[in-house]
Amino acid sequence: MKKIVVLGLSVALLAGLAGCSEKPADSNSSSTSSQKSSQTSQSQSSSETSTNFKVSVDDAIKSYQEAYPDSDITSIDLETSFGKYLYKIEGVDDNKEYEVRVDADTKDVSKEREENLDMEDKDGVKRKEDKLDLENLLSIEEVSDIATKQVGSGKATDWSLDKEMGTTYWEVKVLDGHKETEVKINAQSGEVLESETDD
């Protein structure tokens with residue numbers, strides 16, 4: 001009989017605790033939903049400004065070229081790191097490859113990596129294969145608009161400039177809720193080359 005009473009009290013206590021923990025969650029959910037709605041309105045207002053970086057891709061390219069004037073750029077990524085947007089620019093000359101990071105707000109440049117190429121990539125091989133066409137590049141803002149129109153809604157969050165089969169293209173990541181779409185866009189013409197969605 002004593003065990004039943006103890007068991008009954010334990011169940012009642014657990015139920016009471018569960019009920020208590022649900023109530024704050026409910027009150028939290030209303031404050032969470034108001035936080036979410038304010039975050040949504042902030043993200044909507046910031047989505048308009050999110051692609052207006054103080055440092056343009058052209059500025060970042062110039063910063064790289066000042067650091068390594070006798071090399072060619074092979075890739076550019078614009079992505080967040082610890083809440084800050086940074087351009088990660090990789091390049092190559094006949095014997096070495098380089099990596100530079102440029103802060104998208106302050107234009108601060110940091111040299112990240114400088115290393116010798118493998119034998120099969122030396123003497124201009126990698127340089128010729130991977131050199132990006134930087135003439136008449138579409139801006140981050142332009143490719144963001146093209147990508148979000150292609151997806152239908154959402155916000156551009158990451159950008160990569162790369163080359164495949166002789167074509168230099170932007171790959172733009174668009175987030176729409178939990179849906180993530182990567183859109184490949186010809187870096188000069190703006191033509192959408194490919195669009196792939198991950199749910």
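**Notes on the eight-stranded sheet**

1. Start with one pair of residues: Asp158 sits opposite Lys173 in S6. This is a predicted model, so treat everything below as a description of that prediction. The two strands involved here are S5 (residues 155–164) and S6 (residues 167–176), which pair in the antiparallel sense over nine bridges.

2. Now zoom out. What is the strand order in the open sheet? Reading across, you get S4-S3-S2-S1-S5-S6-S7-S8, eight strands with antiparallel pairing. From one strand to the next, the twist averages 15 degrees.

3. Have a look at the edges. Strand S4 (109–116) and strand S8 (192–198) each have a single partner strand, so one side of each has no neighbour in the sheet.

4. Next, follow S6 into S7 (residues 179–186). These strands are antiparallel too, with eight bridges, and Leu175 has Glu180 in S7 as its bridge partner. They form a hairpin with two residues between them, and Gly177 in the turn has a positive phi of about 65 degrees.

5. The hairpin of S7 and S8 has five residues between the strands. Here Gly190 takes a positive phi near 85 degrees. S7 and S8 pair in the antiparallel sense over six bridges, and Val183 is matched with Ser195 in S8 as its bridge partner.

6. Finally, don't skip the helix. Which strands does helix H2 (residues 57–67) lie across? The list is S1 (72–81), S2 (84–92), S3 (96–103), S4 and S6, and H2 runs at about 45 degrees to S2.

Conventions
Residues are numbered from 1 along each chain as its sequence is written. This is a predicted model: local features need pLDDT of at least 70, side-chain atom pairs count only at pLDDT 80 or more; totals for chains, interfaces and linings use all residues. Side-chain values use heavy atoms; hydrogens and water are left out. Two strands pair if DSSP finds at least two bridges between them. Helices (H or I, at least four residues) and strands (E, at least two) are DSSP runs, numbered from the N terminus. Axes are lines fitted to C-alpha atoms, for helices over the stretch in contact, and angles run from 0 to 180 degrees between N-to-C directions. Contact means heavy atoms within 4.5 Å.
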